[in-house]
Amino acid sequence: MRRLWGSVHAFFASPLRGVLAVIGLVVVLGLSFVAAEELNIQANSTKFCVSCHSMNAYVYEEFKTSKHFTNVAGVRPECGSCHVASRFWPAVWDHAMGTHDLISEFSHDWTKPETFEARRSAMAEKARLKMLGEDSQTCRTCHNFDAIAPSRKRGERAHADAKQKNNTNCIACHYNLVHKEAPLTPAFTQAIKEAVSAAK
Amino acid sequence: MNKGITLSAIAVIGTLHAGVALSADPATMKWDSVPKSQITLFYPGQSTQNWMKSAAHKAGATGVNEGKNCLSCHEGEEADLGKNVLGSKSLEPNPLPGKPGAIKLTVQAAYDKEYFYLKASWPTQAKEAGAFHNYKAFKGGKWVTYGDNRTNKDVKAGTAKPSYEDRFNFMFGDNKGTVAGFEAQGCWVTCHNSMRDTPNEPTKEQVEAHPVLGKVGMKKSDIRKYLPETRTAIDDAGGWDKVKDKAALDALMAKGAFLDLWQARAYRSIPVGKADDSYVFQYRNFDSGKKPFDANWDGEKKEPKFMFDPAKNSGRVALTEAQFRDPKAPKLDNTNSVPFDAAKVKDGDVLPGFILNTKTDGSADDLNASGTWVNGVWTMYVWRKLDTKQKDDIALAPGQTYPVGFAVHDDSVTTRFHYVSMPLKLSLGKNDGHVNAIELK
């Protein structure tokens with residue numbers, strides 16, 4: 001240990017070497033960030049997600065029929081736009097957690113629709129609870145609550161009520177926008193109630 | 001040309017009923033000074049309470065679970081809702097041809113020191129009064145369906161004719177919120193999967209095998225309205241079979257956790273001067289006592305229970321086919337009938353599916369009704385003492401506001417094929433209701 005410390009001390013005895021070391025560290029860290037961010041972007045992409053059979057055969061087909069795929073504004077989110085945090089470190093965390101899906105992808109026979117349907121409710125619940133817990137942060141990346149002008153009276157009323165109650169967690173109401181209908185599970189229903197109570 | 005019929009309590013039975021004699025006759029009251037409420041009733045299809053709380057109701061389910069009133073989102077869009085339901089395969093898999101999505105109901109309400117009066121009118125879809133119910137005919141040696149509701153299998157197959165009474169329905173709760181959810185969800189609090197003509201309907205055998213509802217208990221063979229609080233759990237099958245034990249039900253009933261349900265029936269109650277007085281609790285129960293009608297059908301023998309007394313029906317024991325839905329044809333009741341005798345019927349004879357009772361009694365006797373159908377518009381009157389003192393009725397009092405729901409069965413339909421209101425309010429002597437009753441002086 002003493003020898004190692006001695007070597008380091010000897011190396012930094014020259015100021016030039018110290019400067020070069022700092023520059024080198026910055027470059028390595030910078031490149032690492034760039035690589036990680038590029039990985040985030042690639043892993044956020046719909047193209048990447050649908051490279052798995054379970055995503056391509058079911059959820060992507062449903063996505064294609066939704067307003068989030070085709071709309072008057074011509075805006076189309078990637079899978080990760082909704083399901084992965086937009087900030088760097090949370091996104092890294094989401095992707096790290098997402099590796100678990102790889103195990104699932106290769107441990108089930110997704111060519112059978114019944115395999116997916118048997119898990120739809122649980123998967124929807126997981127995604128909904130995550131979004132609810134994040135206060136629909138990914139929705140807000142694109143949608144500004146105050147800029148939303150609902151086309152129907154009921155939407156106007158619901159949004160006005162939500163704003164008045166400071167209860168604007170998008171997913172609490174809009175939980176079935178993109179994918180095929182999945183039931184409201186007791187856990188998600190309870191989580192919404194708690195979110196509503198907390199907002200009051 | 002004015003084509004109309006009058007089914008007046010007063011004209012038909014005079015002063016047989018003490019209640020009628022003591023109250024004003026609503027048909028001759030001065031209603032001009034009573035405010036009119038125009039209510040849009042819409043077609044609900046299979047939108048049960050289960051549906052309301054499900055993902056299929058989308059954002060609405062969150063509002064319902066939060067305790068919001070349906071009107072908080074849907075006020076003013078009732079007609080669109082009805083149209084959408086009729087166009088939705090999941091909410092109405094079997095739409096009736098030509099049925100509009102909504103109708104307008106005009107309601108007026110008044111009260112005096114002792115009685116509460118309700119007047120309701122609506123334009124009917126049919127060009128004749130729906131003042132007839134179902135009929136059986138004797139053909140080829142057996143009794144077959146001759147007329148029934150438009151969703152009956154024989155009517156749909158074209159072997160029987162559409163014939164079912166029109167109805168004005170009024171449901172209300174107390175003003176203390178004793179029935180959870182009624183104020184916010186209205187009649188939907190009584191409407192669940194598993195009921196007749198709703199998803200996950202149990203078979204007749206399943207209901208009859210139930211220890212409380214079935215053959216050894218209430219002798220029911222299908223499921224009708226009930227309150228969730230009378231069940232230990234509610235699920236996608238509605239929870240019809242999960243009835244709480246007797247002690248729990250008795251405790252709920254004792255605290256008044258039920259809804260009063262009035263049904264002015266154009267065939268089965270109005271001709272005898274009554275509305276069907278019921279209440280919704282663990283089932284859609286009739287009030288205690290002798291009610292205005294009974295089934296005229298013996299399910300085991302597969303023949304009617306009663307037929308006309310020939311001495312009181314021009315020598316005939318039944319109606320002819322030509323008398324089907326003839327306003328002048330007699331109605332089978334306790335005064336003109338005799339027990340059925342198979343030896344006396346002949347091919348082509350027609351008998352009503354129900355027999356009327358002119359001598360109602362008990363709590364089933366305290367709800368009066370009359371009605372007229374003129375130029376395509378039904379006007380029905382229902383009235384009763386403000387407080388009947390009956391355990392199966394909810395008392396009304398001046399100066400109070402109550403949660404209510406209105407509905408209409410129109411054009412030979414039953415069950416879900418009706419029109420319903422949003423959860424509304426009725427005030428007596430106040431101005432905070434959707435319908436505001438004024439005091440008659």
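Strand 21 (residues 424–428) and strand 22 of chain B pair in the parallel sense over 3 bridges, where strands count as paired if DSSP finds at least two bridges between them. Within this pair, Leu426(B) has Val435(B) of strand 22 as its bridge partner. Strand 22 (residues 435–439) of chain B also runs parallel to strand 3 (residues 102–111) of chain B, and 2 bridges join them. Here the partner of Tyr111(B) in strand 22 is Glu439(B).

A few words on conventions before we go on. This is a predicted model, in which local features need pLDDT of at least 70 and side-chain atom pairs count only at pLDDT 80 or more, while totals for chains, interfaces and linings use all residues. Residues are numbered from 1 along each chain as its sequence is written, and chains are lettered from A and ligands numbered from 1 in the order in which they are written. Helices (H or I, at least four residues) and strands (E, at least two) are DSSP runs, numbered from the N terminus.

**An open sheet in chain B**

Which order do the strands of the open sheet in chain B follow? The 4 strands are arranged as 7-6-5-15, with mixed pairing. Strand 7 (161–162) and strand 15 (350–352) stand at the edges with a single partner strand each, so one side of each has no neighbour in the sheet. As a reminder, strands of a sheet pair through backbone hydrogen bonds, either parallel or antiparallel.

Strand 5 (residues 135–139) of chain B runs antiparallel to strand 6 (residues 142–148) of chain B, and 5 bridges join the two. Strand 5 is also joined to strand 15 of chain B by 3 bridges, again in an antiparallel run. Ala137(B) has a bridge partner in strand 6, namely Val144(B), and another in strand 15, Val350(B). Tyr135(B) is bridged to Gly147(B) of strand 6. Strand 5 of chain B is mostly covered, with 4 of its 5 residues buried; a residue is buried if 20 or more other C-beta atoms lie within 10 Å of its own, exposed if 12 or fewer, and partly exposed in between, with C-beta atoms placed from the backbone.

The hairpin of strand 5 and strand 6 of chain B has 2 residues between the strands, and Gly140(B) takes a positive phi near 60° there.

**Two positive phi values outside glycine**

Two loop residues deserve a look of their own.

| Residue | Phi | Burial |
|---|---|---|
| Asp135(A) | about 55° | partly exposed, 16 other C-beta atoms within 10 Å |
| Thr415(B) | near 45° | partly exposed, 14 other C-beta atoms within 10 Å |

Asp135(A) lies in the loop between helix 7 (113–133) and helix 8 (137–142) of chain A. Thr415(B) sits in the loop between strand 19 (401–409) and strand 20 (419–420) of chain B.

**Helix packing in chain A**

Helix 2 (residues 15–44) and helix 6 (residues 88–107) of chain A have axes that come within 10 Å and cross at roughly 60°; axes are lines fitted to C-alpha atoms, for helices over the stretch in contact, and angles run from 0 to 180 degrees between N-to-C directions. That angle makes helix 2 of chain A oblique to helix 6 of chain A, since angles under 35 degrees count as roughly parallel, over 145 as roughly antiparallel, 65 to 115 as roughly perpendicular and the rest as oblique. Helix 2 of chain A passes helix 6 of chain A in a left-handed crossing, meaning that the near helix is turned anticlockwise from the far one by less than a right angle, whereas clockwise would be right-handed.

Helix 2 contributes Ala36(A), Glu37(A), Asn40(A) and Ala43(A) to the contact, and helix 6 contributes Phe88(A), Ala91(A), Val92(A) and His95(A). Residues are in contact if their C-beta atoms, placed from the backbone, lie within 7 Å. By class, this contact has 5 nonpolar, 2 polar and 1 charged residues; Ala, Val, Leu, Ile, Met, Phe, Trp, Tyr, Cys and Pro count as nonpolar, Asp, Glu, Lys and Arg as charged, and the others, Gly among them, as polar.

**Where the chains meet**

Between the chains, 15 residues of chain B are in contact with 17 residues of chain A. On the chain B side, helix 4 (59–66) and helix 5 (71–74) are the elements that give two or more residues. Helix 4 of chain B gives the most, with 6 residues. The side of chain B that touches chain A has 5 nonpolar, 7 polar and 3 charged residues.

Helix 10 (residues 186–199) of chain A packs against helix 4 of chain B at an angle of about 65°, with the axes 11 Å apart, and the crossing is right-handed. Thr189(A), Ile192(A), Lys193(A) and Val196(A) of helix 10 meet Thr62(B), Asn65(B) and Glu66(B) of helix 4.

Key:
Contact = placed C-beta atoms within 7 Å.
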